[in-house]
Amino acid sequence: MLRPAALVAPLLTLLALGSDAGQVVPAGEARSTPTGTVWVEMIPAGTGEPREGIGRGTIEAPPERVWRALTDYAHWSEFMPFLRRSGALPQTDGSVLGDHLMVLPSPLGERRYRVRFRRQVESEAGGRVWRIQWAYVPGSGNVAGHRGSWTLTALGPGRTFAVCRLFTDPGGFTPRWAVDRGTSQMLPWVFHGLRQHVRRSRYD
């Protein structure tokens, strides 16, 4: 379940450090990508489960534009590593179902599953906060668990501070340390892909 306090806390820390991008030092280990730095933190997710990854970074676009890109669920395969197919089927309750095909490195292979997306925009003390969360629909595929979220806040004119939480348990006999390493290595490239994805003209 999305925990707003846990997601907003890193932003408050960020703002306390100053508005100059050179002074921004979010929590986690700094990882470099061709489009900028991403800070990655791995936290416990539950007994016997892989760790949950948290990525934090800036995106050179306003939150409204990043939001348009992220809520375009059918095109997630264009920027999410290993995701080869993504879908979007709106539901009467306001959620969206998406069928995903993820092709992981050997020996994991293909993982097919369905997720349910939910989104909300709220006004908080520090301004507007845009949130998306998704979770595996039990019994819909061949993963043991999968969930995540995005939280977006404005960081000066035309910039967004983004927090991505990601948990994947592919199931089978994959060592937990290998899953943790995969999540940790993937998060910077999720941001790298999104930073390029938001530039597409369809999000003008």
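**Exercise 1. Place D93 in the chain and decide whether D93 is buried, partly exposed or exposed.**

Step 1: Look for D93 in the loop between β5 (89-90) and β6. Strands (E, at least two residues) and helices (H or I, at least four) are DSSP runs, numbered from the N terminus. Residues are numbered from 1 along each chain as its sequence is written. This is a predicted model, where local features need pLDDT of at least 70, side-chain atom pairs count only at pLDDT 80 or more, and totals for chains, interfaces and linings use all residues, while side-chain values use heavy atoms, with hydrogens and water left out.

Step 2: Apply the cut-offs: buried means under 20% relative accessible area, exposed over 50%, and partly exposed in between (1.4 Å probe, protein chains only). D93 counts as partly exposed because its relative accessibility is 46%.

Step 3: Now find R118, which is 25 residues from D93 along the chain; their C-alpha atoms are separated by 9.6 Å.

**Exercise 2. Trace how β6, β7 and β8 pair.**

Step 1: Start with β6 (96-104). This strand runs antiparallel to β7 (residues 109-124), and 9 bridges join the two. Two strands pair if DSSP finds at least two bridges between them.

Step 2: Check the turn: β6 and β7 form a hairpin with 4 residues between them.

Step 3: Go on to β8 (residues 127-136), which is antiparallel to β7 and joined to it by 10 bridges. This hairpin has 2 residues between β7 and β8.

Step 4: Use V115 as a meeting point. V115 is the bridge partner of G98, and V115 also stands opposite Y136 in β8.

**Exercise 3. Describe helix α3 and find its kink.**

Step 1: Helix α3 covers residues 176-197, which makes 22 residues.

Step 2: From first C-alpha to last, α3 reaches 31 Å, close to the expected 32 Å. The expected span is 1.5 Å times one less than the number of residues.

Step 3: Look at M186, where α3 has a kink of about 25 degrees, shortly before the proline P188. The bend at a residue is the angle between axes fitted to the seven residues ending there and the seven starting there.

**Exercise 4. Which residues lie nearest the centre of the largest pocket, and what lines this pocket?**

Step 1: Set the rules. On a 1 Å grid over the protein atoms alone, a cavity is a set of points where a 1.4 Å probe fits but cannot get out, and a pocket is an open set with protein on both sides within 12 Å along at least five of seven lines; lining residues have an atom within 4 Å of a point. Grid points are joined across faces, edges and corners, and a volume is the space filled by probe spheres set on the points.

Step 2: The largest pocket holds about 380 Å³ of space. Of its 17 lining residues, L104, P105, L108, A178 and G182 lie nearest the centre.

Step 3: Helix α3 gives the most to this lining, with 7 residues.

**Exercise 5. How much space lies in the largest cavity, and what lines this cavity?**

Step 1: The largest cavity contains about 100 Å³ of space.

Step 2: Its lining includes W76, H100, W134 and M186. Both β6 and β10 (160-169) supply at least two lining residues each.
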